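Morning, everyone. Please have the sequence and the 3D view ready, and stop me if I go too fast.

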Amino acid sequence: MKLVAKTFYALENVLAKELEDLGAKDIQVGNRVVEYTGDKELMYRSNLWLRTAISVLVPIEKFKFKDEQDFKRKLSNLSFNKYMQLNKTFAIKGAVNSKLFSHSHYPMLLLKDAIADYFNDKYGQRPSVELKTPHVLFDLHIAENDCTISLNSSGAPLFQRGYRKSTGEAPLNEAVAAGLILMSDWDQKSNFIDPFCGSGTIPIEAGLIANGIPPQIARRKYSFMYWPDYDRNLWETVFKSAPAQPKRDLKFEIIGSDIDQDVIQKARNNMKALPLGKTVSIVCRDFKDAD
């Protein structure tokens, strides 16, 4: 199975190393993406374990088209019941860069209509579109006359870990925070100190890394759970095999601090959803008072 993990600019090589550690094959680094191959289990593990990914896509259809009418015709030939069920909601996202369309959003509307028409023709009913929290999320990528349709197996972006209850102003993205830590060459032997931790994103991500706990340990929903071929037993095996308890003695300290007591309390509240125990300390103090 071909898989595509999306990430932020400059984190591609970090993500590629994560995938290599997971056992991915045929890894190819692109612009904000890393392509690789693996089975369904690896797709599940990618969603659970990747710290710097935004989402994991599964390409399902790829074709060339001559013009708008040809694009519509090829969409009409696809069997969408292989990818979703009538009672599931769906949405379309993606990127279109083609002179064949005057508006970049138009091909997404055509795909939406093709899906709705397919189910209406086959079952006499149309599935519902849900823009905010769809069960099934299609990703449409068009570059001139090359079209790739993928299923977004993650659904909500993977940086939405599920542990963040509250934030301060301009909180740092979790995937970016994890990327910065992984790029820092921290040896996980010396103390880790963030003297401007805000709502705790960096020390919390450092704690997850140091304890070998997957970043999505607090998350419960992914789009792949709504696919017709979802294997609940396989997912439960993958999830239950992941460490969910902190290590007893890390031999070093992870400390986050900030001068704002309110934001420190938010950081502590965020930590309560995670199995980090006492391996991460969040304290209120001025930077100049840090040791």
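I'll go through the strands, the cores, one helix and some aromatic rings. One reminder before we start: this is a predicted model.

Let's begin with strand E4. E4 covers residues 53-64. How many of its 12 residues are buried? The count is 9, so E4 is mostly covered, with buried taken as under 20% relative accessible area.

E4 has strand partners. Strand E1, residues 2-7, pairs with E4 in the antiparallel sense, over 4 bridges. Strand E7, residues 146-152, also pairs with E4 in the antiparallel sense, over 7 bridges. Want some landmarks? On the E1 side, Lys6 has Ser55 of E4 as its bridge partner. On the E7 side, Phe63 stands opposite Cys147.

Stay on Ser55 for a moment. Is Ser55 buried or exposed? Its relative accessible area is 5%, so Ser55 is buried. What does Ser55 touch, leaving aside neighbours within four places in sequence? Its contacts are Val4, Ala5, Lys6, Asn152, Ser154 and Leu158.

Now the cores. Here is a general point first. In soluble globular proteins, nonpolar side chains tend to be buried together. In this model, the largest nonpolar core has 53 residues. Phe80, Phe138 and Ile149 have the most contacts inside that core. Which helix gives the most to it? That is H4, residues 106-123, with 7 residues. Apart from this core lies another one, of 23 residues. Among its members are Ile181, Leu208, Phe252 and Ile282.

Leu208 takes us to helix H6, as one of its buried residues. H6 spans residues 201-211, and 10 of its 11 residues are buried. The buried set includes Thr201, Pro203, Glu205 and Asn211. What do those buried residues pack against? The helices are H5 (174-183) and H8 (261-271). The strands are E8 (192-194), E9 (254-258) and E10 (280-284). Right after H6 comes Gly212, and its phi is positive, near 65 degrees.

Next, aromatic rings. A search of the whole structure finds 21 aromatic pairs. Take Trp186 and Phe252. Their ring centres are 5.4 Å apart and their planes sit at 85 degrees, so this pair is edge-to-face. Why does this pair tie together separate parts of the chain? Trp186 is in the loop between H5 and E8, while Phe252 is in the loop between H7 and E9, so the pair ties together parts 66 residues apart in sequence. Trp186 is buried, at 14% relative accessible area. Phe252 is buried too, at 11%.

There is also a ring cluster. Ring pairs link Tyr44, Tyr222, Phe224, Tyr230, Trp235 and Phe239.

Let's finish on Phe239. This residue lies in helix H7, residues 232-240. Why does Phe239 count as partly exposed? Its relative accessibility is 21%, and buried means under 20%, so Phe239 counts as partly exposed. Now find Leu48. Leu48 and Phe239 are 191 residues apart in sequence, yet 7.5 Å apart in space, C-alpha to C-alpha. Phe239 touches Leu48, as well as Gln216, Ile217 and Arg220, not counting residues up to four places away in sequence.

That's my tour. Questions, please.

Terms used:
Residues numbered from 1 in each chain as written. Predicted model: local features only at pLDDT ≥ 70, side-chain atom pairs only at ≥ 80, totals over all residues. Heavy atoms only, no water. Buried < 20%, exposed > 50% of the residue type's maximum accessible area, 1.4 Å probe, protein only. Helix = DSSP H or I, 4+ residues; strand = E, 2+ residues; numbered from the N terminus. Contact = heavy atoms within 4.5 Å. Core = buried A, V, L, I, M, F, W, Y, C linked by side-chain atoms within 4.5 Å. Phe/Tyr/Trp six-rings, centres within 6.5 Å; stacked < 30°, edge-to-face > 60°. Pairing = 2+ DSSP bridges.
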